[in-house]
Amino acid sequence: MGINFRNVSFRYNKKASKPTLDNITLDIFKKSEFITILGHTGSGKSTLVQHMNALLLPDEGEVEIFGKHITKKYKDKLKDTRKKVGLVFQFPEYQLFEETVLKDIMFGPKNFGLSDQEAKSKAIEACKQVGLGEELWTRSPFTLSGGQMRRVAIAGILASEPDVLILDEPTVGLDPVGKKELLNLLEDIRINTGKTIVIISHDMNVVAKHATRVIVLNDGKVVYNGPKLPLFSDLERLRSFNLDLPDSARIAIELKEKGLIDFDELPLALEELRKHLKLNLQGAGYE
Amino acid sequence: MNKIAFGQYYHTDSFIHRLDPRTKIISLILMMVFIFVIPKNQFVVLGFSVALLLAVVFLTKVPLIRYLKSLKQIMFLLIFSFFFQALFNNSGDLLLTINQNISIANIALGVVLIVLYLFFRKYLPLKFLWLILLVIAIIYIFQYPIIGQSLKSYQLKVYRDGVVTGFFIIVRIMLLIVFSSILTLTTKPTDLNNALEWLMRPLEWVKIPTSVLAMMISISLRFIPTLFLETERILKAQASRGVDFKEGKVKAKITQIISLLIPMFIISFKRAFDLADAMEARGYIPGAKRTKLALLKFGLSDYFVLIFALGIVIGLIVLRVNHAL
């Protein structure tokens, strides 16, 4: 069970010759994956994720979302699909509207048919998950800081307990600390609840550190779908996708080229780099 | 991003497109006066204005379908006013008398026809033609009692004056709409706004801040597509939280609408504040004298068009005052 794309094509402008999504076949399962979607602006990333909870319907092909076959002509209700696949848009803080933080988080669960009481307990649970303290629950969401508002928005989706959680560039506009906290939070959610997390990101460090699978889109086509190491090891290909290396890998390559330290495997996180350096330096007699 | 085309502007390179927007607005006003000054029964003058209109439409090089689309919206009004005039205006020679008998079967059949029309309306091309057919069919049905006794009978009388007046009304409204469409199809919204600012200049004498008004209009025009995109985004974001704008009871509906309205208000205000800051940072002072990037300039063709439009209006008025028409 999961989200399966079968030869999906989509175009915004029906007369345009070039489709936004071009014959995409892709599987996303509910098995605690951390998937990052990469691709430069206009490659169809946001369009792709909007197909994952049927906000957009494919022009050609079929998206199967937890057993529901979504095609161009799909007319039935989509509520339970959207419950199973939670989508957090870019700058989600703008979707807040209720009087209090808690009420806003309860909005989703209530729409999906929970009673006030159940929704409230789910909301409180979500608040705890994203680290919103009790003193904030009764505040108006508009008095919070940007980072806090984003947490409220994410909690609003989490409270509906989706099986797959999709976030469209969740770290844009956050400071480095907020960014790190948010990503650790997502990692925790994935490990503790077994949900699959899908994020769109431009930050290669994020990809290198967290992703268990990378999907690269280019001109509406999936050009890479697999683990991160082979992708970052193939510099030629990486460049053809217009993508960068993560910082740690860049440093490692630089060191290797200068003939200082050899690497068998590219370090994809700064911690790995540090460990490797430490080992090498100790071996060479440095402390 | 540019999938939303705001306004009707259709780009071609034509004589009409190149005219100064002020010329086009003034000529439109003059043509409106002309159309209303045409006396009844003056088919020659009416024919002249239709010919003039067709000539201008041809000059714009805009596909004819664009003009027809603007007419489509008022087809119902046109048909209604024609039948109204034709059936209820009782002067001039009697052209036609139609006997009408009301019986229960007739009414029932009429109602069935209307319901059928309302039901199939969505699927019919050329709706207005079917509407005309419907009216004629009902009048035809009511001529004879099909089953049973006639409850009441009356006569529909069609007089010459009614038909002529109806015809004039239809042609006049069509002329007005198409002339206005020429303006909006061949002029960019920003040009229109600049021209309006110029035309409103005399209002500054009575202390109305026309430049500020024009700035407001151009900012609104600029932000319509942006806000449209934002609305779409919020709609989708709330749909992801389980809002289904198609269903729900009244109370749920209200919450759904609030969940769209409040974010939109907040986004609009935020954008407004940001824009105000950006404008001030670049030295914008409300009401201060500003220079323009796109200067409006009357050319030879503008004078020609204006003098021609003014000429035919004055000519027609003079003829009418002298009872020559």
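What follows is a short conversation about a predicted model with chains A and B.

Biologist: Happy to start with the overall build: how many helices and strands does chain B have?

Modeller: Read along the sequence, chain B follows the pattern α-α-α-α-α-β-α-α-β-α-α-α-α-α. Counting up those elements gives twelve helices and two strands.

Biologist: Is chain B compact or spread out?

Modeller: Along the principal axes, the C-alpha atoms of chain B fill a box of roughly 80 × 65 × 40 Å. Buried residues make up 15% of its 325 residues. The radius of gyration is 27 Å, well over the 20 Å that the globule rule gives for 325 residues, so compared with a compact globule chain B is more spread out.

Biologist: Among contacts in chain B between residues at least 6 apart in sequence, what share joins residues at least 24 apart?

Modeller: Contacts here are pairs whose C-beta atoms lie within 7 Å. Among those in chain B between residues at least 6 apart, the share that joins residues at least 24 apart is 89%.

Biologist: Let's look at a helix pair. How do H3(B) and H8(B) run relative to each other, roughly parallel or roughly antiparallel?

Modeller: Helix H3 (residues 43-60) and helix H8 (residues 160-186) of chain B pack with their axes 11 Å apart, at an angle of about 25°. Angles under 35 degrees count as roughly parallel. The crossing of the two is left-handed. H3(B) is therefore, relative to H8(B), roughly parallel.

Biologist: And which kinds of residues make up the contact of H3(B) with H8(B)?

Modeller: From H3(B) come residues including Leu46(B), Val50(B), Leu53(B) and Val57(B), and they meet a set in H8(B) that includes Phe168(B), Leu175(B) and Phe179(B). Ser49(B) and Thr60(B) are also among the H3(B) residues, with Thr186(B) among those of H8(B). The tally for this contact is twelve nonpolar, three polar and no charged.

Biologist: Now the place where the chains meet: how does the side of chain A that touches chain B divide?

Modeller: The contact takes 22 residues from chain A and 18 residues from chain B. On the side of chain A, the elements that give two or more residues are helix H2 (79-84), strand E6 (85-88), helix H3 (101-111) and helix H5 (146-158). The residues on that side divide into ten nonpolar, nine polar and three charged.

Biologist: One last residue, Gly156(A): which residue of chain B does it touch?

Modeller: Gly156(A) is found in helix H5 of chain A, and it is buried, with 29 other C-beta atoms within 10 Å. Not counting residues up to four places away in sequence, Gly156(A) touches Asp104(A), Ile105(A), Phe107(A) and Gly108(A), and from chain B, Arg241(B).

Note on methods. Residues numbered from 1 in each chain as written. Chains lettered and ligands numbered in written order. Predicted model: local features only at pLDDT ≥ 70, side-chain atom pairs only at ≥ 80, totals over all residues. Axes fitted to C-alpha atoms, helices over the stretch in contact; angles between N-to-C directions. Helix = DSSP H or I, 4+ residues; strand = E, 2+ residues; numbered from the N terminus. Parallel < 35°, antiparallel > 145°, perpendicular 65-115°, else oblique. Left-handed = near helix turned anticlockwise from the far one by under 90°. Contact = placed C-beta atoms within 7 Å. Nonpolar A, V, L, I, M, F, W, Y, C, P; charged D, E, K, R; others polar. Rg over C-alpha atoms; globule rule 2.2 N^0.38 Å. Buried ≥ 20, exposed ≤ 12 C-beta atoms within 10 Å, placed from the backbone.
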